Amino acid sequence: IGVTLAKTWADSLGLALYQMSSLALLAAQVRVPVGDYIIPLMDARRLSAYTALYQQTDQGLVAVTADCHADWQTWLSSEARQHLQAGAQVLMIGQHLAPFAEAFSQALPDVSFDLLPVGDGGEGTMAALTAALGWAEFHHTVTGPFGQPVKMPYARNGQQALFEMADLVGLASIPQEKRNPLAIETKGLGELILHLAEDGVRKILVGVGGSASNDGGIGLAAGLGYKFFDADNHRLRPIGSSLGRVARISVEQVPAYLKEVEIEILTDVDNPLCGDCGATIVFGGQKGLSPLLFSQVDQAMADFYQLVNPQVIDMEGAGAGGGMAAGLVAFAGGKIVSGIETCLDLLGFDDRVKKADLVVVGEGRMDRQSLAGKAPVGVARRTPEGIPVLAICGSLADDLPAFPVENIQAVFPIIARPDG
């Protein structure tokens, strides 16, 4: 339990902070099985906190250690080691694990750590899987987000390949002043798919998270050879702003060998293409689209797919990547799958987790969206009963429910609030 001040929790829970330990008051609000431990943290600052270890017993909550202000790493080495005995196995799962593993290893040198880099289809998925699986990384020159040639990275192992759209049109890579999800080009994604297909790849994994585009996959389709025309038979530029003007689609230049490639679309969201929960209304704002245009753009997307394939509009996950998931289904025969489930399968998670006594997952910022299928929850759901799962994150949002949730026993923030 990470909070800035004890009073915040006391006020929200209707508790008085006097005549007993405030940590005990907080720990008492968490319902855990007899024998399980609770670690409440208060006044969390970086890796320092007011904390203690409590255990639920048949007689009630018992303080195993005294309440204290402590550096978390020091507390781990002096207190947690008593309960994680020598030889215990801890499975750490997430991205950029090395610093956390080093801190744990210094605090608990007798504990073994298995690092499992994972992704859920969002930004960083390719890097995580490439590092874990040992796939080779390559580059291919394609059309960039503003029409310029760029080198697009991808990973390959024999007839399998993996890439993520964020490496071409990732929101973080687009300068603030250039963010216009209706003008950014995704043609390069289709060009890369054709290159891989020509080169003998027969299965492609595509991560579609973290994008700056909202084009419904029309750019991708152009890269595959599709051509789009308006009612006057003028060829349209394949960008989001053209969606509502498409009247005819030409497939003459789409190569037949595209049908020989199996494409899996890795996503961490289940949003449909259109509507209140669709790509435009949910994600358009963070990509720079004015709320005044939401309804118009959403309707243009729906009109476009009425022409292309109406069944895709309400498909779960089709709204991922600004509708890129829908485009991969409709124009490339792709299949939408859970990003985290696919990654865990590739990494042999089910066999590796059986050896663990503790699983630690990570998230930059934990919020309710994190509980809707992102990596931490995906890992926790696959972890066998009896192996505790803890989450370490940069910060906690105010909309989180009380833990345990989705098999995650507790969440620890590194900072109480984001700086600034």
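These legends accompany a set of close-up views of a predicted model.

**View 1. The whole chain.** The protein chain holds 14 helices and 20 strands. It has 420 residues, and 53% of them count as buried. Contacts often span long stretches of sequence. Among those between residues at least 6 apart, 64% join residues at least 24 apart. A search of the whole structure finds 10 salt bridges. Some of these pairs appear in the views below.

**View 2. A salt bridge between two loops, E185 to R237.** E185 and R237 form a salt bridge, with their closest N and O atoms 3.0 Å apart. The pair links distant parts of the chain, 52 residues apart. E185 sits in the loop between α6 (166-169) and α7 (187-198). R237 sits in the loop between β14 (227-229) and β15 (248-250). Is each partner buried or partly exposed? E185 has a relative accessible area of 12%, under the 20% cut-off, so E185 is buried. R237 is partly exposed, at 45%.

**View 3. N180 and G240, far apart in sequence.** N180 is found in the loop between α6 and α7. Its relative accessibility is 35%, so N180 counts as partly exposed. N180 and G240 are 60 residues apart in sequence. In space, their C-alpha atoms are 9.4 Å apart.

**View 4. A salt bridge within one loop, R245 to D230.** The side chains of R245 and D230 meet in a salt bridge, at 3.9 Å from N to O. Both residues lie in the loop between β14 and β15, so the pair ties together parts that are 15 residues apart in sequence. R245 is partly exposed, with a relative accessible area of 47%. D230 counts as buried, at 11% relative accessibility.

**View 5. S250 in strand β15.** S250 is found in strand β15. Its relative accessibility is 11%, so S250 counts as buried. What does the side chain of S250 reach? It reaches the backbone nitrogen of E252, at 3.5 Å. Leaving aside neighbours within four places in sequence, S250 is in contact with G225, Y226, K227 and F229.

**View 6. A salt bridge between two helices, R382 to E341.** R382 and E341 meet through their side chains in a salt bridge, at 2.3 Å from N to O. R382 lies in helix α14 (residues 375-382) and E341 in helix α12 (residues 339-346), so the pair ties together parts that are 41 residues apart in sequence. R382 counts as buried, at 17% relative accessibility. E341 counts as partly exposed, at 28%. The link goes beyond this pair. E341, D345, D350 and R382 are joined in a network of salt bridges.

**View 7. The largest nonpolar core.** In soluble globular proteins, nonpolar side chains tend to be buried together. Here, the largest nonpolar core has 56 residues. Which residues have the most contacts inside this core? They are F163, I193, I204, L224, I263 and L328. Helix α11 (residues 320-332) gives the most to this core, with 8 residues. Apart from this core lies another, of 22 residues. Among them are A375, V377, A380 and L400.

**View 8. The surroundings of F163.** F163 is one of the residues with the most contacts inside the largest nonpolar core. Residues up to four places away in sequence are not counted here. Beyond them, F163 touches M126, M152, P153 and Y154. F163 also touches L189, L192, I193 and L196. I204, L205, V206 and G207 complete the list.

**View 9. Helix α5 and the residue after it.** Helix α5 covers residues 125-133. Which of its residues are buried? T125, M126, A128, L129 and T130 are buried. One of these, M126, is touched by F163. Just after α5, G134 takes a positive phi of about 75°.

**View 10. Helices α10 and α11, side by side in contact.** The axes of helix α10 (residues 294-308) and α11 come within 12 Å. They cross at roughly 10°. That angle is under 35 degrees, so α10 and α11 are roughly parallel to each other. From α10, the contact involves M301, F304, Y305 and V308. These meet G322, G323, A326, G327, A330 and F331 in α11. Helix α11 is also the helix that gives the most to the largest nonpolar core.

Note on methods: Residues are numbered from 1 along each chain as its sequence is written. This is a predicted model: local features need pLDDT of at least 70, side-chain atom pairs count only at pLDDT 80 or more; totals for chains, interfaces and linings use all residues. Side-chain values use heavy atoms; hydrogens and water are left out. A salt bridge is a side-chain nitrogen of Lys or Arg within 4 Å of a carboxyl oxygen of Asp or Glu. Helices (H or I, at least four residues) and strands (E, at least two) are DSSP runs, numbered from the N terminus. Buried means under 20% relative accessible area, exposed over 50%, partly exposed in between (1.4 Å probe, protein chains only). A nonpolar core is a set of buried Ala, Val, Leu, Ile, Met, Phe, Trp, Tyr and Cys residues joined through side-chain atoms within 4.5 Å. Contact means heavy atoms within 4.5 Å. A polar contact is a pair of N or O atoms within 3.5 Å; within protein, one must be able to donate a hydrogen and the other to accept it, and residues adjacent in sequence count only if both atoms are side-chain atoms. Axes are lines fitted to C-alpha atoms, for helices over the stretch in contact, and angles run from 0 to 180 degrees between N-to-C directions. Angles under 35 degrees count as roughly parallel, over 145 as roughly antiparallel, 65 to 115 as roughly perpendicular and the rest as oblique.
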